[in-house]
Amino acid sequence: MFKPNKILAIVLIALMTVAITSCVDDLNTSPLDDDVVTSESVYESPSDYKKVLAKLYAGFATTGQQGPAGNADIQGIDEGFSSYVRQLWVHQEIPTDEAVVAWQDPGLPSFNFQEWTASNDFVMGLYSRIYYEISLANEFIRNAKGNENTEVQGYMAEARFIRALSYWHALDFYGGGVPFVTEEDGVGAYLPEPSSAEELFNFIESELKAIESELPAPKQNEYARADQAAVWTLLTKLYLNAEVYTGEAHYNEAVTYADKIINDGSYTLENNYGDLFKADNHTANGIIFPIAFDGVNIKTYGGTTFITHAAVGGNMNPAEFGIDGGWSGHRVTPEFANKLEKTGLKTNNPDNDNEIFVPGGYQSSSGYGSDWTPEDSSPLVSDSNNDIYTGLVYFKSAGNEFKFASDNSWSQNWGDNEGDGTLEANGGNITNTSSGLHHITVNLNDMTYQVEHIDNRNTLFTDGQDKEITNVKTDISDFSKGYTITKWKNITSTGQAGSDEEFVDIDYPMFRLADVYLMYAEATLRGGSGSVSKALNLVNDIRERAFENSSMNISSSELTLDFILDERARELYWEGHRRTDLVRYDLFTTGDYVWAGKGKDANGTATNDNFRLFPIPASDVNSNTNLTQNPGY
């Protein structure tokens, strides 16, 4: 399924790394050998610059000069592992409550327990990918600086955005003290000086502000290329985490830049949450900055191919995900599953209005109490006492039977003999067809009922999976331990298969609007200059999309920082945000929040604070005497 408007043309370019130096510049001549590639011959016209810019964007998705592997960009790690998005995902998700990995590749299991070292291959992999991207951007900017063509200057602004994004990742994962190189530094072999966290923060901030007006307005650039909204989103993230990075809060600025995106209105929430993670999500609303993937034109064992395949195994049917097989890798901890499950949720009835009950075989497994016991089940409430009853019921799995009862004694009950949505007194049992949270309406005036699945963010797969991960030293490697996730599917929003069963078409939504809404709310609650009522409305907009009505809207008293953190988990899980969020809340390493496997403990335990940052790879520290290793490594 080729998407002509989805991506920049990916061209195989003889990559001009630092080897492009050469004394030909001094002679102001071009080489006579047609096989020699120099910066002079690569950067001849605006169209040439655009082709190189395509390589910069592709650097987030691809792993080398041919797909899916065989001519790698970086060395020292399996090429499939080296994907920018794959490394980003591993570092953001596996050390948290949102993911565990079964695979035993050297260096990977330590991410389950927060016990990596400076010699870890995966730590080196992300670091190398970040700095490879920075080096590409520096070379592009170096060549574009002297070109006054307006197109080229626009492309240079995009290259500066890409560099700022990569440096933000360096700051977020490795902190201050990382090597700092720009286009102003000469090419060739030398030992880069480190920056401080404050210096790197200030550089990223100044770069983004400088290019803000040089990029197209929101949604006015080609798909998967940066626009002003991408800049505003990155600034929001930088400011929201500023207190972590520098010790100085910038919540007012976080509110300001989130507000720019919200008030602009070019990006809107996608109506169907699931469509954000499907094979045609390039048509979904609300994705501000995606990394484009394509099963035919961008083949890689990283990116969303990795995210999708790694979650499939056990009793899961790969065909339902549009793929040729699962890799049996990733699941979630029980602590995270609890955030998506609404076990035992009962409908509130503050005014003591009339009630009926929903007893059934689902109750004990769904957290309500004894099966078929009305007083243990969830009530449905008639707010107007007009014999129309509504309420919320959580079903852990599909296929359970239930009925409706007027009271706790079963003196009057209703079922459905024909399965046609019409109730009969003492009728047959009703079978729920889906798991998750449901909104149920019973109208005893005309004896009809409706059961609507409304929690469309809950993609937990439980069939054949144990929720608990009891023995973390052995269960971690057993795919059946822990629920898994069905969020990513190589199927279009209309049910069509992606273009390839092995390499998926799903774009990676690095920035999206719902994240901006939640950042606005959090920055406001942390003392920023936002409106609390606006923050509440934004959060409830997200929840109304998730639950398809206002039944799960929250009140102003419920809008707390703890609630925002949990809502970020429910909305953004497995999208590469969790570690940064937990660090910001001081919960990543501390004992204030633990999960199965944290600290290699069955129930979870605190870990050393040094794990808030990853170490600078030992190979880089050993070879660059200017660098100092992060504390604790």
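# Close-up views of a predicted model

Gly464 is partly exposed, with a relative accessible area of 48%. The structure shown in these views is a predicted model.

**View A. Gly464 sits in a loop between strand 14 and helix 14.** You can find helix 14 at residues 472-475. Why does Gly464 count as partly exposed? Its relative accessible area is 48%, and partly exposed covers the range between the buried limit of 20% and the exposed limit of 50%. Leaving out residues up to four places away in sequence, Gly464 touches Asn315 and Ser480. Now look for Ser529: 65 residues separate Gly464 from Ser529 in sequence, and their C-alpha atoms are 48 Å apart in space.

**View B. Asn456 is a buried loop residue.** The loop that holds Asn456 runs between strand 13 (448-453) and strand 14 (460-461). Is Asn456 buried or exposed? Asn456 is buried, because its relative accessible area is 17%, and buried means under 20%. Which residues does Asn456 touch, not counting those up to four places away in sequence? They are Tyr273, Arg545, Ala546 and Glu548. One of these partners, Arg545, also offers its backbone oxygen, which the side chain of Asn456 reaches at 3.2 Å.

**View C. Arg545 brings us from the loop to helix 16.** Helix 16 covers residues 532-547, and Arg545 is within that stretch. With a relative accessibility of 7%, Arg545 counts as buried. What does the side chain of Arg545 join in a polar contact of 2.6 Å? The partner is the side chain of Glu571. Setting aside residues up to four places away in sequence, the residues that Arg545 touches include Leu269, Glu270, Asn271, Tyr273 and Leu276. Asn456 from the previous view is also among them, along with Arg512, Ala514 and Glu571.

**View D. Helix 16 and helix 17 pack against each other.** Helix 17 spans residues 561-572, and the two helices meet at an angle of about 35°, with their axes 12 Å apart. Helix 16 passes helix 17 in a left-handed crossing. On the helix 16 side, look for Val539, Ile542, Arg543 and Arg545. On the helix 17 side, look for Phe563, Ile564, Glu567, Arg570 and Glu571. How many of the residues in this contact are nonpolar, polar and charged? There are four nonpolar, no polar and five charged residues.

**View E. Helix 7 and helix 8 run roughly antiparallel to each other.** Helix 7 is made of residues 150-174 and helix 8 of residues 197-211. Their packing angle is about 155°, and their axes are 9 Å apart. Why are they called roughly antiparallel? The angle is about 155°, and angles over 145 degrees count as roughly antiparallel. The crossing of helix 7 past helix 8 is left-handed. Residues of helix 7 in the contact include Ala157, Phe161, Ala164, Trp168 and Leu171, while those of helix 8 include Leu200, Phe201, Ile204 and Leu208. Sorted by class, the contact of helix 7 with helix 8 has 14 nonpolar, no polar and three charged residues.

**View F. Tyr245 belongs to helix 10 and makes contact with residues of this neighbourhood.** Helix 10 covers residues 242-246. Tyr245 counts as buried, at 9% relative accessibility. Apart from neighbours within four places in sequence, Tyr245 is in contact with Trp168, Leu171, Asp172, Ala197, Phe201 and Leu238. The side chains of Tyr245 and Asp172 are joined by a polar contact of 2.5 Å.

**View G. Helix 4 and helix 7 pack together, with their axes 12 Å apart.** The angle between helix 4 and helix 7 is about 25°. That angle makes helix 4 roughly parallel to helix 7. Helix 4 contributes Tyr84, Leu88, His91 and Gln92 to the contact, and helix 7 contributes Ser166, His169, Asp172, Phe173 and Tyr174. By class, these residues are four nonpolar, four polar and one charged.

**View H. Gln87 is a buried residue of helix 4.** Helix 4 covers residues 84-93, and Gln87 has a relative accessible area of 0%. Where does a polar atom of the Gln87 side chain lie 3.4 Å from a backbone nitrogen? That nitrogen belongs to Leu126. Beyond residues up to four places away in sequence, Gln87 touches Ile77, Phe81, Ser82, Phe122, Gly125 and Leu126. Gln87 and Tyr127 are 40 residues apart along the chain, with 9.1 Å between their C-alpha atoms.

How values were computed: Residues numbered from 1 in each chain as written. Predicted model: local features only at pLDDT ≥ 70, side-chain atom pairs only at ≥ 80, totals over all residues. Heavy atoms only, no water. Helix = DSSP H or I, 4+ residues; strand = E, 2+ residues; numbered from the N terminus. Buried < 20%, exposed > 50% of the residue type's maximum accessible area, 1.4 Å probe, protein only. Polar contact = N/O pair within 3.5 Å; in protein donor to acceptor, adjacent residues only side chain to side chain. Contact = heavy atoms within 4.5 Å. Axes fitted to C-alpha atoms, helices over the stretch in contact; angles between N-to-C directions. Parallel < 35°, antiparallel > 145°, perpendicular 65-115°, else oblique. Left-handed = near helix turned anticlockwise from the far one by under 90°. Nonpolar A, V, L, I, M, F, W, Y, C, P; charged D, E, K, R; others polar.
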